[in-house]
Amino acid sequence: MVRLAELRIATRFRGPPGSGNGGYVAGLLATFSPFDAPEVRLLRPPPLETPLEVVAPDDDPAGASLQLRSGDELYATLAPGSIDFAPPPPPTPDEASAGGANFAGWQAHMAPGCFVCGPERPAGDGLRIFAGPPDAARPDRVVASWTPEPALAGTRGRVRPEFVWAALDCPGYFAVAPAGRRLLLGRLAVRLLAPLDAGRRCAIVGWRLGGEGRRHLAGTALYADGECLAFGAATWVEPRATA
């Protein structure tokens with residue numbers, strides 16, 4: 001293995017209790033990839049406040065594939081991905097407003113402390129992206145508004161890529177699990193088209209792409225002033241029932 005970096009997922013960036021938000025962790029790993037649409041596969045919940053290594057396998061020292069691991073425990077892999085759809089038209093401001101009002105997490109939430117969509121997280125701490133269906137007849141299409149805080153920016157005031165990946169995570173969940181059933185992010189591929197400036201108001205759309213059995217497919221896209229800045233494709237997995 002070729003060791004590239006060490007990461008530590010701070011408790012602030014949690015998703016389900018005790019583990020990192022999947023989109024954020026995937027985005028961190030993707031910062032080491034040169035590909036247009038890297039795909040991250042999450043194999044188990046990434047732990048918080050634990051040293052994790054980003055490594056390239058010995059048979060791929062150039063880093064076309066990457067792993068996130070701690071010793072013998074493998075938490076995620078990255079490889080070149082593809083997204084075989086174009087983003088849909090942007091939502092209207094009225095749709096974004098209605099979507100936030102209809103956010104299912106107001107009534108019940110499996111991870112109310114989630115960095116991205118947790119209603120318990122105060123402004124300036126969590127992203128507070130609350131995606132809901134603007135049209136009750138279409139629960140599989142959700143919309144949220146979001147204005148990223150300046151603290152999320154890297155160079156030149158632009159939102160760091162891992163936070164864009166995080167923003168594209170949870171809206172997909174609410175598009176495929178409107179009843180609030182427990183699903184975990186299995187895969188996420190993202191294509192970044194243009195930078196997002198901190199403080200710029202934007203809208204995020206999530207929609208169902210299909211699925212079968214325990215796997216549910218979702219698309220997400222982020223827009224500012226009608227322009228799509230990033231979009232992604234996710235696979236959400238329903239855990240097997242335990243006896």
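How many disulfides does the structure hold? The structure, which is a predicted model, holds 0 disulfides, and the legends below take up its sheet, its cysteines and its salt bridges in turn.

**View 1. The open sheet of 10 strands and its two edges.** In this predicted model, the strands of the open sheet follow the order E1-E3-E4-E5-E2-E7-E10-E9-E8-E6, and their pairing is antiparallel. Strand E1, covering residues 2–8, and strand E6, covering residues 141–146, are the edge strands, each of which pairs on one side only. From one strand to the next, the twist averages 20 degrees. Strands of a sheet pair through backbone hydrogen bonds, in either a parallel or an antiparallel arrangement.

**View 2. The pairing of strand E7 with strand E10.** Strand E7, formed by residues 184–192, and strand E10, formed by residues 227–237, pair in the antiparallel sense over 8 bridges. Within this pairing, Ala189 has Ala233 in E10 as its bridge partner.

**View 3. Helix H1 across the strands.** Helix H1, which spans residues 22–30, lies across E1, strand E2 (38–42), strand E3 (51–56), strand E4 (66–70), strand E5 (73–80) and E7. With respect to E2, helix H1 runs at about 130 degrees.

**View 4. Cys117 and Cys202, two cysteines without a disulfide.** Because a disulfide requires two cysteine sulfur atoms within 2.5 Å, the sulfur-to-sulfur distances in this view deserve attention. The closest cysteine sulfur to that of Cys117 belongs to Cys170 and lies 3.6 Å away, which is too far for a bond. For Cys202, the closest cysteine sulfur is that of Cys228, at 11 Å, and this too is too far for a bond. Cys117 is buried, its relative accessible area being 4%, and Cys202 is likewise buried, with a relative accessible area of 4%.

**View 5. Arg3 and Glu53, a salt bridge between strands E1 and E3.** A search of the whole structure finds 10 salt bridges, and one of them joins the side chains of Arg3 and Glu53, with an N to O distance of 2.7 Å. The pair links distant parts of the chain, since Arg3 belongs to strand E1 and Glu53 to strand E3, 50 residues apart. Arg3 counts as partly exposed at 47% relative accessibility, and Glu53 counts as partly exposed at 30%. Arg3 and Glu53 are also members of a network of salt bridges in which they are linked with Glu6. Side chains of opposite charge can pair when their charged atoms come close.

**View 6. Glu39 and Arg187, a salt bridge between strands E2 and E7.** Here the side chains of Glu39 and Arg187 meet in a salt bridge, with 3.1 Å from N to O. Glu39 sits in strand E2 and Arg187 in strand E7, 148 residues apart, so that the pair links distant parts of the chain. At 25% relative accessibility Glu39 is partly exposed, and at 33% Arg187 is partly exposed as well.

**View 7. Asp140 and Arg138, a further salt bridge.** The side chains of Asp140 and Arg138 meet in a salt bridge whose N to O distance is 2.9 Å. Asp140 is partly exposed, with a relative accessible area of 26%, while Arg138 counts as partly exposed at 38% relative accessibility.

Technical notes. Residues are numbered from 1 along each chain as its sequence is written. This is a predicted model: local features need pLDDT of at least 70, side-chain atom pairs count only at pLDDT 80 or more; totals for chains, interfaces and linings use all residues. Side-chain values use heavy atoms; hydrogens and water are left out. Two strands pair if DSSP finds at least two bridges between them. Helices (H or I, at least four residues) and strands (E, at least two) are DSSP runs, numbered from the N terminus. Axes are lines fitted to C-alpha atoms, for helices over the stretch in contact, and angles run from 0 to 180 degrees between N-to-C directions. Contact means heavy atoms within 4.5 Å. Buried means under 20% relative accessible area, exposed over 50%, partly exposed in between (1.4 Å probe, protein chains only). A salt bridge is a side-chain nitrogen of Lys or Arg within 4 Å of a carboxyl oxygen of Asp or Glu.
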